[in-house]
Amino acid sequence: MLHLASHFAVPLIVALTFYRSRWRYVFLILIATMLVDLDHLLADPIYDPERCSIGFHPLHSIPAIVVYALMFALPLLVGQKENSSGWRRAIDLVHLVGLGLLIHMALDGIDCLI
């Protein structure tokens with residue numbers, strides 16, 4: 001129960017702390033990244049309390065986590081300059097999805113240690 005609650009509480013804390021002016025939008029994006037757990041449906045059994053998600057499920061693999069880190073770092077990779085082509089909003093969305101996925105992986109990783 002604590003693990004599931006942390007998947008809501010931590011994104012809320014991050015949204016309120018670092019994205020105060022638009023915390024609702026950011027919180028919704030971060031919560032939407034919980035859909036990454038759909039890859040659990042590929043496992044047999046679907047839920048095993050003794051199994052660590054990290055490294056077992058495809059969207060919880062190390063290569064996937066590297067992609068999530070790159071998504072989070074995208075604004076740093078392309079620069080912060082505002083442009084009129086609308087790319088800024090897309091880059092911001094990818095950044096937030098990457099952040100949500102990294103938070104999710106970190107919480108799942110902590111759960112593996114406990």
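# Briefing on a predicted four-helix chain

A search of the whole structure, which is a predicted model, finds one cavity of 30 Å³ or more. The protein chain that holds this cavity comes to four helices and zero strands, and from the N terminus on its elements run α-α-α-α. Along its principal axes the C-alpha trace spans about 50 × 25 × 20 Å, and buried residues make up 34% of the 114 residues in the chain.

**The enclosed cavity**

- The largest cavity holds about 40 Å³ of space, and the residues that line it are His7, Pro11, Leu30, Thr33, Met34, Gly100, Ile103, His104 and Leu107.
- Two elements, helix 1 and helix 4, give two or more residues to the lining of this cavity, and the largest share, four residues, comes from helix 4.
- By residue class, the cavity lining divides into five nonpolar and four polar residues, with no charged residue among them.

**The open pockets**

- The largest pocket encloses about 480 Å³ of space, and of the 19 residues that line this pocket, those closest to its centre are His3, His40, Tyr47, Ser53 and Asp111.
- Helix 1 and helix 4 are the elements that give two or more residues to the lining of the largest pocket, and that lining divides into eight nonpolar, five polar and six charged residues.
- The second largest pocket has a volume of about 170 Å³, and its lining is made up of Leu2, His3, Ser6, Leu107, Ile110, Asp111 and Ile114.
- At least two residues of the lining of the second largest pocket are supplied by helix 1, and at least two by helix 4; in terms of class, this lining comprises four nonpolar residues, two polar residues and one charged residue.
- Some residues recur from one lining to another: His3 and Asp111 are among the residues closest to the centre of the largest pocket and also line the second largest pocket, while Leu107 lines the second largest pocket and the largest cavity.

**The salt bridge**

- A search of the whole structure finds one salt bridge, in which the side chains of Arg22 and Asp92 meet at 2.7 Å, N to O.
- Arg22 lies in the loop between helix 1 (2-18) and helix 2 (23-32), whereas Asp92 lies in helix 4 (residues 87-113), so the pair ties together parts that are 70 residues apart in sequence.
- The two partners fall into separate accessibility classes, because Arg22, at 30% relative accessibility, counts as partly exposed, while Asp92, with a relative accessible area of 18%, is buried, the limit for a buried residue being under 20%.

**The loop between helix 2 and helix 3**

- A cis peptide bond, with omega of about 0 degrees, joins Asp44 and Pro45, and Pro45 is found in the loop between helix 2 and helix 3 (62-78).
- As background to this bond, most peptide bonds are trans.
- A nonpolar patch on the surface is formed by Leu35, Leu38, Leu41, Ile46 and Tyr47, which together have about 580 Å² of accessible area; of these residues, Leu38 lies in the loop between helix 2 and helix 3.
- Tyr47 belongs to this surface patch and is also one of the residues closest to the centre of the largest pocket.

**Val97 in helix 4**

- Val97 is found in helix 4, and with a relative accessible area of 24% this residue is partly exposed, since the buried class requires a value under 20%.
- The C-alpha atoms of Val97 and Leu42 are separated by 22 Å, and these two residues are 55 residues apart along the chain.

Technical notes:
Residues are numbered from 1 along each chain as its sequence is written. This is a predicted model: local features need pLDDT of at least 70, side-chain atom pairs count only at pLDDT 80 or more; totals for chains, interfaces and linings use all residues. Side-chain values use heavy atoms; hydrogens and water are left out. A salt bridge is a side-chain nitrogen of Lys or Arg within 4 Å of a carboxyl oxygen of Asp or Glu. Buried means under 20% relative accessible area, exposed over 50%, partly exposed in between (1.4 Å probe, protein chains only). On a 1 Å grid over the protein atoms alone, a cavity is a set of points where a 1.4 Å probe fits but cannot get out, and a pocket is an open set with protein on both sides within 12 Å along at least five of seven lines; lining residues have an atom within 4 Å of a point. Grid points are joined across faces, edges and corners, and a volume is the space filled by probe spheres set on the points. Ala, Val, Leu, Ile, Met, Phe, Trp, Tyr, Cys and Pro count as nonpolar, Asp, Glu, Lys and Arg as charged, and the others, Gly among them, as polar. Patches are made of residues with over 30% relative accessible area and no salt bridge: like charges are joined within 9 Å, nonpolar side chains (Val, Leu, Ile, Met, Phe, Trp, Tyr) within 5 Å. Accessible areas come from the Shrake-Rupley method with a 1.4 Å probe; for residues, only the protein chains shown count as cover.
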